[in-house]
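Got the structure open? Here's a quick walk through one sheet and the nonpolar cores.

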Amino acid sequence: MRKLLIIVLVTFTVQFENKAQAPDHPVEKVMPVKAGTVTGVISDSVSSGAIEYATVGLYRLQDSSLVSGTVTDQSGFFSMKSIPYGNYYLDAAFIGYTKKRIPVNLTPQQPSAELGTIDLHPNIKQIGEVTVVAQNKQVEYKIDKKVVNVSQDIAASGGSLVNVLENTPSVQVDIDGNVLLRGSGNFQLLIDGKPSVVQGSEGLQQIPASAVQSLEIITSPSAKYDPDGDAGIINIIMKKQKNTGIGGVVDASIGSRDKYTGDFLLNFRKQKLNFYVGGEYANQKNYNTMEGERRTYNLDTTTYTLSDGDGVFARQSLNLKSGIDYSINQKSTLSLSGAITDRRFDRDFVSRNYWYTDPATIDSFYIDESTSGDKSLDYNLNLDFIKKYDDKGHLLQASAYYTFGKESESETTDVSKTNSDYEIIASDPVQTRSRTEQPESNLRLELDYARPMGTRLLEVGLQSRWDKSNAQYIYEDYQPIGEEWVQNDTISNSLDYLDAIQSAYASLSGPVGKFDYKLGLRAEYDNRSLDQLTSSESYTYEKLHFFPSFYINRKIGENNQIQFNYSRRIRRPDERDLNPFKEFRGSNTVFYGNPELKPEFTNAFELNYQYTFDKGFVSFETYYRTTNDKITRINGVDTLNGKSVYTFTTTNAKNDNSLGIELMGNMDITKWWQLNLTGNLFRYQLAGEVDGRDENSVSTSWRTNMNNFFKLKWDTRLQLTAVYNGPNKTLQGEGKGFFVANAALRKEFLKKQLTVTLNVRDIFRTAGFSFTSEGPDFYTYNKNKRESPVFMINLTYRINNYRQAARRSNGSEQDDSGGGMDIGM
């Protein structure tokens, strides 16, 4: 259906254009109607890369009437069948390229026209010393995904991918950088189609935006993808160099209050060999403030804790990567790549607390100083082989993916007694510390095969996946007498964890009448074991699961398209979710896992509509998700080591249902003003059981964002962004909404060899988040506010003043002059 949409958009314009330029030829004698075929491949004349979604129209030479049309597939291939014998001409075109015309003759003696490779030239105009290149939209809508062109989001310059997602449809980001995809934080994070070593929001936080070409938001993945993540997939496409020769770029950013990022990429490409080496570095500190209230109820006595504090959150990461591609022949390529990632997340927090009871009996004042760190060193290796056959779309892919490393966590808490002015009066604070050592590894072996069968495409594949970790959780108390740390054996523990998943999938896609369809089924055998070595207990889970998926598309009229999708997804608990031992997080908060926790399964439905017009498009999407055995967080109160603590754990709720509507408009208001508007209305219902009681929660939330892009004089661009995130609810609580406004200005110097970007985030200091949670025996309220405004300046220097057409994952080209890692000779 994607192909049908592009055909519809181009055909009307091309028909009028060709009629106005019809060749002045004498009337030809029409041959008898027979069935001929026309095939070929569309490629970029500069990079020799295939161009997907290029439009191909076949016109009768006699009167320039359109006979047939199509668009190219992922490999740039096109085919038109059942063409009557006769004389024609073929027009091949794609946005940003010069159209090419080729004569075509079909006769009984030559019923097939195999046109081979048709090169299209980038449509770059020279006006004196000025190069004019079309600018891409920040968000592109495709029928199976949304593509976010990161370099076009200048407001995110110098930041991480989380800053990009703050301005992205279907995504919500809170003030702590936690990412929700259509209301769910359970999504799968991929980097160039491979699973990220660090998943979720933390994985997005450590990657500089300048190192990334685009983001793909896939809310209804096909059976080819792993079913993990009930909300779908965020696929990060890193920037790459495809042109022959040596290229490179250096990118650096500095921001207010200790924020630094940098990255580089060097590339050598010649004939059959392509080699690259690169790296990304980030060292950013964020300053937050908080205030809160906690209550516990025991008979007729209420205990209160009032708090306020401030903290520093520091993220550091260094990633070094290298890879080599070798073209064995024109049909086969072997690739080997590797990366080393060293990351660290430190949190230093000081809170001032007032504790008292009502009726009044006792009270106290104390300072809680908490220092925690999370660091890891990971190694990643990839081996990939791809073989293409003579019939286009027919290919075999094999890959081996292996990561191994060690994650270490530590936390130290000092609690000091004070007077009412928070002046320390006790000489020996109560000190505790905890640390975790967790070696882990992941192995994936994959085999994928695709074969065209007439107008249909069959895809099949196998995967073997092994996730393994060994964890030690060590908790220690400080003894002032003797001045030593003593291990607390009541909560210290160790475990072994293994999740082995074997899977196979098959999908079939093609046209049926005026519809396009894709049907898929994935089968997975999951064998999971957790061995609690300290308690000598074992917990196993062994199941066979099936994950069907399908979508169907229909073109309506000239500019309308409708699509219906379905997929089944899973969220698997990890070793920390399952470990029953208590784990302190701060001086008075305890988390413990639930070994009986089951995976949650989600059935996701989408009904989407898109209307296109000359200067943009409008899309209207509805989605519905129903989840069984929903994994949800439960809060409570307990007594541990003689003191009252707040606890939280996870359990399987009965189910949850979410219904949403998303409206998006992307349009060129004028030649110098581009506008992107998104609105998301979301209704969420959660049903479950807490402490033997049935609980139900219903909430309606909404989110809207507006992106304005202005092309100014003197190679300057301005971006203004406004985002509002609505309130949300859980089984036991509710969070309030917040508003954020950002601005950015980009200027190019030295004939566009140097790009300078200045941006300001949270201009009006309105980004704050508050959450209230309560049950029969407790009440909590927390309000957090992040540092604002934040100023960043980003510099990009292109070696040899080269402007790269950065490659999309589908093989097409885009201008990447917006900054970041543009690479050249």
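Below, the sheet comes before the cores.

Keep in mind that this is a predicted model.

**The sheet**

Look for an open sheet built from three strands, arranged β4-β1-β7 with mixed pairing. On the edges sit β4 (77-83) and β7 (112-120), each of which pairs on one side only. On average, neighbouring strands here are turned by 15° against each other, if you ignore direction.

Now zoom in on β1, which covers residues 36-44. Five bridges tie β1 to β4, and the two run antiparallel. Want a spot to click on? Take G40, whose bridge partner in β4 is F78.

**The cores**

The largest nonpolar core holds 23 residues, and L165, L204, L215, I234 and I236 have the most contacts inside it. These elements each give two or more residues to that core:

| Element | Residues |
|---|---|
| α2 | 161-165 |
| β12 | 171-173 |
| β13 | 179-181 |
| β16 | 212-218 |
| β17 | 233-238 |

Which element gives the most to this core? That's α2, with four residues.

I236 is a handy place to centre your view. Skipping its neighbours within four places in sequence, I236 is in contact with L161, L189, L190, I191, D192, L204, I207, V212, S214 and L215. One of those partners, L204, is also on the list of residues with the most contacts inside the core, and so is L215.

Another core lies apart from this one and has 22 residues, including L58, Y88, F94 and Y97.

Methods
Residues are numbered from 1 along each chain as its sequence is written. This is a predicted model: local features need pLDDT of at least 70, side-chain atom pairs count only at pLDDT 80 or more; totals for chains, interfaces and linings use all residues. Side-chain values use heavy atoms; hydrogens and water are left out. Two strands pair if DSSP finds at least two bridges between them. Axes are lines fitted to C-alpha atoms, for helices over the stretch in contact, and angles run from 0 to 180 degrees between N-to-C directions. A nonpolar core is a set of buried Ala, Val, Leu, Ile, Met, Phe, Trp, Tyr and Cys residues joined through side-chain atoms within 4.5 Å. Buried means under 20% relative accessible area, exposed over 50%, partly exposed in between (1.4 Å probe, protein chains only). Contact means heavy atoms within 4.5 Å.
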